[in-house]
Amino acid sequence: MGILEKIAEIEREISRTQKNKATEYHLGLLKAKLAKYRAQLLEPSKSAGAKGEGFDVMKSGDARVALIGFPSVGKSTFLSLMTSTASEAASYEFTTLTCIPGVIEYKGANIQLLDLPGIIEGAAQGKGRGRQVIAVARTADVVIMMLDATKGDIQRCLLEKELESVGIRLNRIKPNIYFKPKKGGGLSYNSTVPLTHCSEKLVQLILHEYKIFNAEVLFREDSTPDEFIDVIVGNRVYMPCLYVYNKVDQISIEEVDRLARGPNNVVGISRPDLHLYQEKRRYTRRPDFNDAIIMRRGASVEHVCHRIHRTLASQFKYALVWGTSTKYSPQRVGLTHIMEHEDVIQIVKK
């Protein structure tokens with residue numbers, strides 16, 4: 001029996017099994033086996049396959065955004081409208097056959113936008129070059145999921161299922177679970193909060209499925225068995241996702257209103273004569289005002305120093321900051337000061 005057949009059999013077994021207290025251990029083991037087989041499926045084949053056009057695109061700019069969606073939902077038109085790159089768009093499916101990069105310039109920030117070929121159901125198993133598309137998506141900082149508004153939520157559910165099966169977690173944070181394998185001493189299990197989904201016996205059974213018999217496990221939140229498996233596997237990718245519903249001119253205004261009110265949703269029409277959406281990121285500015293430094297939310301002055309040069313933090317004396325993060329401008333601050341949007345910083349070295 002091949003890996004695909006084993007995965008299908010386990011999925012059928014999970015769907016047949018009623019979820020209750022008596023079957024939670026059985027379901028936990030099935031999910032652990034399913035995660036193992038899916039990981040094996042994603043491993044590159046040792047046999048040399050047919051050579052084709054590669055998907056590798058050098059990462060550039062301050063952030064990378066991947067456009068994911070089914071064929072003919074408007075990804076290429078979106079790329080052409082948002083960047084200076086012309087991506088072929090047509091009324092037939094699979095117009096885009098490789099990864100096409102473009103750059104969005106927004107207030108000094110250079111954002112790399114990748115137009116990926118349309119994926120189909122079963123992409124995680126390799127259908128329609130799905131593995132290559134998903135491999136590129138894993139390297140992105142943000143995913144924009146292009147959806148056909150006339151299809152309702154069908155496309156969204158299918159795409160989320162495909163990405164979930166290959167370890168991409170959308171709009172979720174990494175589970176707050178401490179896990180460390182040991183060479184001996186058995187299982188050290190503890191939790192700082194009451195657990196309603198996992199127990200010591202279930203954790204032990206899941207670890208045994210991965211041939212782990214000695215480990216330290218500390219739950220700092222009420223996590224599920226799936227989240228614990230993600231921590232064990234360790235190759236999961238957590239990233240934000242924006243759901244863009246295209247072709248809203250073909251549905252009722254009530255449906256447009258429903259989609260627009262959903263979390264992380266944007267509605268629009270991909271047409272060259274209409275204004276579209278723009279991706280926005282946080283940034284601070286250099287003292288010369290000519291360029292921007294793109295930082296994550298919550299970045300400190302020390303993070304800014306490391307971004308400019310790796311030795312700057314060791315030579316740091318103090319910094320002057322203008323902006324909303326200060327009580328007055330300019331304010332003299334240290335390395336731990338938290339920067340905010342559009343702050344201006346001047347660094348003084350020793």
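This briefing describes the sheets, the helices packed on them, the nonpolar cores and some backbone features of the structure above. The model is a predicted one. Six strands build one open sheet with mixed pairing, and three strands build another open sheet, also of mixed pairing. The largest nonpolar core holds 44 residues, and a second, separate core holds 18 residues.

**The six-stranded sheet**

- Across this open sheet the strands follow the order S2-S3-S1-S4-S10-S11.
- Strand S2 (100–106) and strand S11 (265–267) form the edges, each pairing on one side only.
- Neighbouring strands in this sheet are turned against each other by 25 degrees on average, with direction ignored.
- Strand S1, residues 63–69, pairs with S4 in the parallel sense, and five bridges join the two.
- Gly69 has Met146 in S4 as its bridge partner.

**Helices on the six-stranded sheet**

- Helix H5, residues 154–165, lies across four strands, namely S1, S4, S10 and S11. The direction of H5 is at about 145 degrees to that of S4.
- Helix H8 lies across S10 and S11, and runs at about 145 degrees to S11.

**The three-stranded sheet**

- The order of strands in this open sheet is S6-S8-S7.
- Strand S6 (177–181) and strand S7 (187–191) each have a single partner strand, so one side of each is left without a neighbour in the sheet.
- From one strand to the next, the twist averages 5 degrees.
- S6 pairs with strand S8 (residues 215–219) in the antiparallel sense, over five bridges.
- Phe179 is matched with Val217 in S8 as its bridge partner.

**Helices on the three-stranded sheet**

- Helix H6, residues 200–209, lies across S6, S7 and S8, and runs at about 135 degrees to S7.
- Helix H7, residues 225–233, lies across S6 and S8, and its angle to S6 is about 45 degrees.

**Nonpolar cores**

- Within the largest core of 44 residues, those with the most contacts are Ile68, Leu113, Leu116, Met145, Ile168 and Leu170.
- Strand S4 (residues 142–148) gives the most to this core, contributing six residues.
- Leu170 touches Val143, Met145, Glu160, Leu163, Met239, Cys241 and Tyr243, when residues up to four places away in sequence are not counted.
- The second core, which is separate and has 18 residues, includes Ala32, Ala35, Leu202 and Ile229.

**Backbone features in loops**

- The peptide bond from Ser329 to Pro330 is cis, with an omega near -5 degrees. Pro330 belongs to the loop between strand S14 (316–322) and strand S15 (331–333).
- Lys247 is not a glycine, yet has a positive phi of about 60 degrees. This residue sits in the loop between strand S10 (241–246) and helix H8 (253–260). Lys247 counts as partly exposed because its relative accessibility is 23%, and the range for that class lies between under 20% for buried and over 50% for exposed.
- Glu342 is another residue other than glycine with a positive phi, near 65 degrees. The loop that holds Glu342 lies between S15 and strand S16 (344–349). With a relative accessibility of 38%, Glu342 counts as partly exposed.

Definitions and conventions
Residues numbered from 1 in each chain as written. Predicted model: local features only at pLDDT ≥ 70, side-chain atom pairs only at ≥ 80, totals over all residues. Heavy atoms only, no water. Pairing = 2+ DSSP bridges. Axes fitted to C-alpha atoms, helices over the stretch in contact; angles between N-to-C directions. Contact = heavy atoms within 4.5 Å. Buried < 20%, exposed > 50% of the residue type's maximum accessible area, 1.4 Å probe, protein only. Core = buried A, V, L, I, M, F, W, Y, C linked by side-chain atoms within 4.5 Å.
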